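Please open the structure in the viewer and keep the selection panel at hand. The tour below proceeds stop by stop, stating at each one what to select and what is found there.

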Amino acid sequence: MMHSSWSRFPIAFVATILFASALGLVLLAQKTQQEQPPPPSPPPTPPTTLMTPTTPMAQDDSLPPAVAIDAADYPSLQTALDALPVSGGVVRIPPGIHELSEPLIVRSGDTRIEGCGSATHLRNLNRTGQPALFIRPEAWDSKPRERLWRIEVCDLRISGNPDSGPGVRAVGVHEFLLRSLAVDRHGSHGIVMDRCEENPRVIGCNLTYNNGSGLHLLGGHDIVVSGNQFEENLDALTLLDGFNLTFTGNNVDDHLRHGVVIENSYGSVITGNMIEECAGTAIILDRGCYGIAVSGNAIAHHLGGGIDLRGAWGCTVTGNNFVLVHQFAVRVSPGSGRHTISGNQFTNSYVGDGKLKRAEGIRGPDLWHLDACAGVVLDETEAVVINGNQFSGLTTRAVEARGACKRLLVTNNLVIDHGRGLAAGTSSIEPGEATDSLFEANLAGPQVLEAAP
């Protein structure tokens, strides 16, 4: 019998030879790699066009310690605030009505200003457009990059008059927290945050009856606005040139114009809010917004519209309830597109058994009493998905494409009791002149008259 020459060597010896050979190859590869020049570094990521985040200064142990100040021990609130060292502290304002003819100015970081709830009332008597509380770095006008860090204002009421400025104006404050404030009746906005870039938070406040926005944000990022109530301001919230807003769990009611207005923003979420009875539109996204999610909101009873995507791209509108929204529930305007609108409910006040909560129907005594609800309007837009929605009790079409639309995907929607404000026989979904589009697999029930003749 023939045997291979390998059979003369023990198995362990063969394994040792193979291991030594492999180790030599690895060492040779490492030496070769070491002799190669390192790969070029990737190009740096360009900075954002909205703002450049600022790194906080290191702790300076040479500063005096922070202090606790009882404002009742000082001749005025301003002298109490001026008694804070640069290292900050807490100023406690006692109950009572504290009348202000000029702004209270806060210039130190790591500072907390607290009252005793609405029993501590700052009343702004100024009639030249000045704020009640002005928070800013000492040299903010000559050094625009200077910032304050970590300021809190909590547990008090700030009221104004028709000629006053905002209740709170903050310029260049990072990690700013406003909590449990009542801010009302100002001739301007309730709260203004200007270049408060890093992590501003507004939590649990009541912002009411202000002639501007309840909350007006200029710039800023990683913003949290949560658990607040907005009522009868001109607009509830405006965000201009900021990004990464979390607007959640808020109650927005009875606004004289719009609810939430966002311009030039991205990466934000508007979710879990109740937005009711705006004379204008509940939510507006404009001027280059992109990548914003609007989900899980109750958008109820607006004389204008529900969500107006005016200048917005790549946004998601899903899981919202649109009830009694008059002109349009969602509008995608020219200069806006690539949106997904799915899983929403569009409805009127129907409560079963042929009954309406708003028994006046589509011919009520005034606009607020109409049983009206609109659908989706696509106005010279492109690349929009409308899928898996229910449209019921509408006074308009469910979906209407206008002008030169293209690449629309409108599928798997349910439409019942539609077009009650339109002539009999009006189609529920109108593709118009849309090109490269698909309108199919939609289930449309009969048009139920209360239709127009």
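**The whole chain**

Begin with the entire protein in view. Of its 453 residues, 46% count as buried. The model is a predicted one. Colour the chain by secondary structure: 2 helices and 42 strands appear. The accessible surface comes to about 21100 Å², and carbon and sulfur atoms account for 55% of that surface. Contacts may also be displayed across the chain. Where two contacting residues are at least 6 apart in sequence, 57% of such contacts join residues at least 24 apart.

**The largest cavity**

Rolling a probe the size of a water molecule over the atoms shows where empty space is left. Counting those of 30 Å³ or more, the protein has 2 cavities. Which residues line the largest cavity? Select Ala 71, Leu 77, Leu 81, Val 91, Ile 93, Leu 104, Ile 113, Leu 122 and Leu 133 to display the lining. The space that these residues enclose has a volume of about 50 Å³. By class, the lining has 9 nonpolar residues, with no polar and no charged ones.

**Ser 76**

Next, select Ser 76, in the loop that runs between strand 1 (67–70) and helix 2 (77–82). Is Ser 76 buried, partly exposed or exposed? Its relative accessibility is 30%, so Ser 76 counts as partly exposed. Draw a distance from the C-alpha atom of Ser 76 to that of Leu 104: the two are separated by 10.0 Å, although 28 residues apart along the chain. Leu 104 has already appeared on this tour, in the lining of the largest cavity.

**Ser 108**

Move to the loop between strand 4 (104–106) and strand 5 (111–114), and select Ser 108 there. Why does Ser 108 count as buried? The reason is its relative accessibility of 7%, because buried means under 20% relative accessible area. The side chain of Ser 108 makes a polar contact of 2.8 Å with the side chain of Thr 111. Now show its other surroundings. With neighbours within four places in sequence left aside, Ser 108 is in contact with Leu 84, Pro 85, Val 86, Gly 88, Leu 148 and Ile 151.

**The second largest cavity**

Select Pro 137, Trp 140, Lys 143, Pro 144, Glu 146, Arg 147, Val 171, Gly 172 and Arg 195, which line the second largest cavity. Its volume is about 40 Å³. Colour this lining by residue class: 4 nonpolar, 1 polar and 4 charged residues are present.

**Ser 213**

The next stop is strand 14 (residues 213–218), where Ser 213 is to be selected. Ser 213 has a relative accessible area of 2% and is therefore buried. With which residue does the side chain of Ser 213 share a polar contact of 3.1 Å? The partner is Thr 238, again through its side chain. Thr 238 also belongs to the set of residues that Ser 213 touches, not counting those up to four places away in sequence. The others in that set are His 189, Gly 190, Asn 233, Asp 235 and Ala 236.

**The second largest pocket**

Select Gln 327, Phe 328, Arg 331, Ala 374, Gly 375, Val 376, Val 377, Thr 396, Arg 397, Glu 400, Arg 402 and Leu 422 to bring up the lining of the second largest pocket. About 150 Å³ of space lies in this pocket. Which strands each supply at least two residues of its lining? They are strand 31 (328–332), strand 34 (376–379) and strand 37 (399–402). The lining divides into 5 nonpolar, 3 polar and 4 charged residues.

**Two residues with positive phi**

Finally, inspect the backbone at two places. Select Arg 338 in strand 32 (residues 337–342). Its phi is near 60°, a positive value in a residue other than glycine. Arg 338 counts as exposed because its relative accessible area is 59%.

Then select Ala 441, in the loop between strand 41 (438–440) and strand 42 (443–444). Ala 441 is not a glycine, yet its phi is positive, at about 60°. With a relative accessibility of 53%, Ala 441 counts as exposed.

Methods:
Residues numbered from 1 in each chain as written. Predicted model: local features only at pLDDT ≥ 70, side-chain atom pairs only at ≥ 80, totals over all residues. Heavy atoms only, no water. 1 Å grid on protein atoms, 1.4 Å probe; cavity = no way out; pocket = protein on both sides within 12 Å on 5 of 7 lines; lining within 4 Å. Points joined across faces, edges and corners; volume = space filled by probe spheres on them. Helix = DSSP H or I, 4+ residues; strand = E, 2+ residues; numbered from the N terminus. Nonpolar A, V, L, I, M, F, W, Y, C, P; charged D, E, K, R; others polar. Buried < 20%, exposed > 50% of the residue type's maximum accessible area, 1.4 Å probe, protein only. Contact = heavy atoms within 4.5 Å. Areas by Shrake-Rupley, 256 points an atom, 1.4 Å probe, with all protein chains shown as cover. Polar contact = N/O pair within 3.5 Å; in protein donor to acceptor, adjacent residues only side chain to side chain.
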